[in-house]
Amino acid sequence: MKKNLTDNDLMRLAIRLANENVDNGGGPFGAVIAKDGEVLATGVNRVTAHHDPTAHAEVSAIRAACEKLQTFDLSGYTIYSSCEPCPMCLGAIYWAKISRMFYANTKRDAAEIDFADDFIYHELDLPISKRHLPSEQILRDEAIETFRRWAEKTDKIEY
């Protein structure tokens, strides 16, 4: 892979990956993670191929990058996504501490081809009791002990 690629070059690569993925039976999404114009990792949407609803392009690229670097911290890296990330992918991008993001298509463009994530954004704004997914808190008194143990642990790796 060439070095010193521009932001536009890297986005074109994400778009090319998305197009190739469509040709190979996958979803129309591609992602590239790079630093200083050099590609670290790529990913494409493999939800249907892998029977994995989390196998979005951005998550796949993050997994590949973290595996390659043997870290969960991608500070200093940029992600190029062929489409504005869904809430899950955006969360993963934040958790990975990626420093910059570029995207091509918008979430509205995705909705126009039946990839609508708006309902998730809407759900997050609702009180838990009003969400479509029935949710109920149980056994907090038992579970909180795990959090206490984590808080007291002196050799933990913070993330």
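Student: Where does Ile-157 lie?

Tutor: Ile-157 lies in the segment after helix 7 (140–152). Helices (H or I, at least four residues) and strands (E, at least two) are DSSP runs, numbered from the N terminus. This is a predicted model: local features need pLDDT of at least 70, side-chain atom pairs count only at pLDDT 80 or more, and totals for chains, interfaces and linings use all residues. Residues are numbered from 1 along each chain as its sequence is written, and side-chain values use heavy atoms, with hydrogens and water left out.

Student: Why is Ile-157 called exposed?

Tutor: Exposed means over 50% relative accessible area, buried under 20%, and partly exposed in between (1.4 Å probe, protein chains only). Ile-157 has 60%, so the residue counts as exposed.

Student: Which residues make a nonpolar surface patch with Ile-157?

Tutor: Phe-72, Trp-95, Trp-150 and Tyr-159 join Ile-157 in a patch of about 660 Å². Patch residues have over 30% relative accessible area and no salt bridge (a side-chain nitrogen of Lys or Arg within 4 Å of a carboxyl oxygen of Asp or Glu). Nonpolar side chains (Val, Leu, Ile, Met, Phe, Trp, Tyr) are joined within 5 Å, like charges within 9 Å. The areas come from the Shrake-Rupley method with a 1.4 Å probe; for residues, only the protein chains shown count as cover.

Student: How many disulfides does a search of the whole structure find?

Tutor: The search finds 0. A disulfide is a pair of cysteine sulfur atoms within 2.5 Å.

Student: What rules out a bond for Cys-86?

Tutor: The closest cysteine sulfur, in Cys-89, is 3.7 Å from the sulfur of Cys-86, so the pair is too far for a bond. Cys-86 also counts as buried, at 8% relative accessibility.

Student: What about Cys-66?

Tutor: For Cys-66 the closest cysteine sulfur is again in Cys-89, 14 Å away, so this pair is too far as well. Cys-66 is buried too, at 15%.

Student: What makes Asn-45 buried?

Tutor: Its relative accessible area is 8%, so Asn-45 falls under the 20% limit. Asn-45 sits in the loop between strand 2 (38–44) and helix 2.

Student: Which residues are closest to the centre of the largest pocket?

Tutor: That pocket holds about 280 Å³ of space. Of its 20 lining residues, the closest to the centre are Phe-29, Asn-45, His-56, Phe-115 and Asp-117. On a 1 Å grid over the protein atoms alone, a pocket is an open set of points where a 1.4 Å probe fits, with protein on both sides within 12 Å along at least five of seven lines; lining residues have an atom within 4 Å of a point.

Notes:
Grid points are joined across faces, edges and corners, and a volume is the space filled by probe spheres set on the points.
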